[in-house]
Amino acid sequence: METKLMRIAELAKSHPDMKFTSLAHLLDEEALKQCHHELPNKKATGVNRTTKEEYGEHLDENIQKLVKRLKTKGYRPTPVRRTYIPKAGSNKKRPLGIPEHEDKIVQRAIAKTLNAIYEQDFLDSSFGFRPNRNCHDALKILNLYLERRYTNYIVDVDIKGFFDNVNHEWMMKFLQHRIKDPSLLRLIARFLKGGYMEEGKLYKTEAGTPQGGLISPILANVYLHFVLDLWFEKVVRKQCKGQAYIVRYADDYVCCFQYEEDAQNFYRALIQRLRKFNLEIAEDKTKIIPFGRFAGEQCKRKGMGKPQTFDFLGFTHYCSKSQNGKFRVKRKTSKKKMNAKLKQCKEWLKANRNKDLEAIMDRLSRSLKGYYTYYCITDNTPTVNIFLDKVRNLLFKWMNRRSQRRSFNWDKFLLYMKKCPLPRPTVKVSIYQLKEEISYIL
């Protein structure tokens, strides 16, 4: 399948107007088996509770039946199992749709095909769920725009319930720009309208893409590529009097402008643009703020104190200065994300406090290392150290609640920490180190 996808990617790149008429045949036995093996083990199961291991016990037979149903157009996705996960920094919960394992196989194969085509079309401003691009790359490019371009205003925008409000009719129109294979389009439409099960009841899905589905990230990127990215590049930037940039990661994005008038015009036009495609901004989470090397002077003139901050990808961005007194943008972990992680840590320690202490320390150390991998970027080590101190305090609290007798006083706890220390944070990512493939923006 990989060789065929490479060929499709080459054709898509060399022929930007080409429409692919034959793609469904890529979902053959070999490709679907490969997708089965690529899926992770021990993941949450769908409505029928079929695990990867159970499906794999009769893999050849199951895949043959699946291919036959795909060819005869008899395949219909099972409604996803609706569950809810905590929303960071809020008491609200986010809906998550968990597909059946067989549906995950088909979704993965379709997602690979769509990625091969649309990866050639997506703009450099898009970073979410794309190969060789990640959150840190988005932060690095944004930092470049803030520090080395004429950015004076930020439009920090939040789309209200994006994944729940994607319009299916528009989605299919966007896909038809590149795909004319009715079989593949029919499959995608069935996934969009597959519905979900909650408390034994079946609910139809007339809009949105199910969060948790393997096909959702690429579909979201396709939708926002046409709704936002192309519009910003082809229309907004040309109408601006000064410089304008956008950095998008999935439905989370920040826009940079040289002039306030351009920022205001964009904000008004954005409301109308999103409304056309059945989307709207969350006004309470959307703002236009002075931000950049002259933001401090502007705020002083207006008697506003320090420049405002904004959050993006889990970090609070704020105006500061380097050791040499030059303007610098710095980042620290957003309070919302830190508090959510601390709450999660507290709940785990509370539930597992009676386990073997070595096992608790091992699990906590691995969790911290994962946290450091993302949050230990330039300038953020002090904030991560604060997080570590809070985790240590939680550990002390819950280790003393293993029984009626206290396990530690503070001195004994500090001695234990010296003997079995938790990993210390060090900078993992330099915000100024761009990848070669995106360094051309300089």
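A residue counts as buried when its relative accessible area is under 20%. Keep that cut-off in hand as we walk through this structure, which is a predicted model.

Let's start with helix 5, where 16 of the 18 residues are buried, leaving the helix mostly covered. Its 18 residues, 101-118, should span 26 Å at 1.5 Å a residue, and the end C-alpha atoms lie 25 Å apart, which agrees. One residue to look for in helix 5 is K112. Is K112 buried or exposed? Its relative accessibility is 16%, and buried means under 20%, so K112 counts as buried. The side chain of K112 also makes a polar contact of 2.8 Å with the side chain of E38. Leaving aside residues up to four places away in sequence, K112 touches M1, E2, L5, Q34, C35 and E38.

Another residue worth finding is I110. Again not counting residues up to four places away in sequence, I110 touches L27, L184, L187, I188, F191 and I215. I110 belongs to the largest nonpolar core, which has 76 residues; together with L175, I188 and F257, I110 touches the most other members. Which helix gives the most to this core? Helix 10, residues 216-239, does, with 12 residues. There is also a second, separate core of 53 residues, and I360, Y375, W398 and L422 are among its members.

Next comes helix 6, made up of residues 135-148. This helix is mostly covered too, with 13 of its 14 residues buried. At 1.5 Å a residue, the 14 residues of helix 6 should span 20 Å, and the end C-alpha atoms are indeed 20 Å apart. At the N-terminal end of helix 6 you will find N134 acting as a cap: one of its side-chain oxygens sits 3.0 Å from the backbone nitrogen of H136.

Finally, turn to the strands. Four of them form an open sheet in the order 2-1-4-5, with mixed pairing. Why is one side of strand 2 and of strand 5 left without a neighbour in the sheet? Strand 2 (93-98) and strand 5 (201-203) stand at the edges, and each has a single partner strand, so one side of each has no neighbour there. From one strand to the next, the twist averages 45 degrees. Strands of a sheet pair through backbone hydrogen bonds, either parallel or antiparallel. Strand 1 (residues 80-86) and strand 4 (residues 196-198) run parallel and are joined by 2 bridges. To see a bridge for yourself, find R81 and look across to its bridge partner in strand 4, M197.

How values were computed. Residues are numbered from 1 along each chain as its sequence is written. This is a predicted model: local features need pLDDT of at least 70, side-chain atom pairs count only at pLDDT 80 or more; totals for chains, interfaces and linings use all residues. Side-chain values use heavy atoms; hydrogens and water are left out. Helices (H or I, at least four residues) and strands (E, at least two) are DSSP runs, numbered from the N terminus. The expected span of a helix is 1.5 Å times one less than its number of residues. Buried means under 20% relative accessible area, exposed over 50%, partly exposed in between (1.4 Å probe, protein chains only). A polar contact is a pair of N or O atoms within 3.5 Å; within protein, one must be able to donate a hydrogen and the other to accept it, and residues adjacent in sequence count only if both atoms are side-chain atoms. Two strands pair if DSSP finds at least two bridges between them. Axes are lines fitted to C-alpha atoms, for helices over the stretch in contact, and angles run from 0 to 180 degrees between N-to-C directions. A nonpolar core is a set of buried Ala, Val, Leu, Ile, Met, Phe, Trp, Tyr and Cys residues joined through side-chain atoms within 4.5 Å. Contact means heavy atoms within 4.5 Å.
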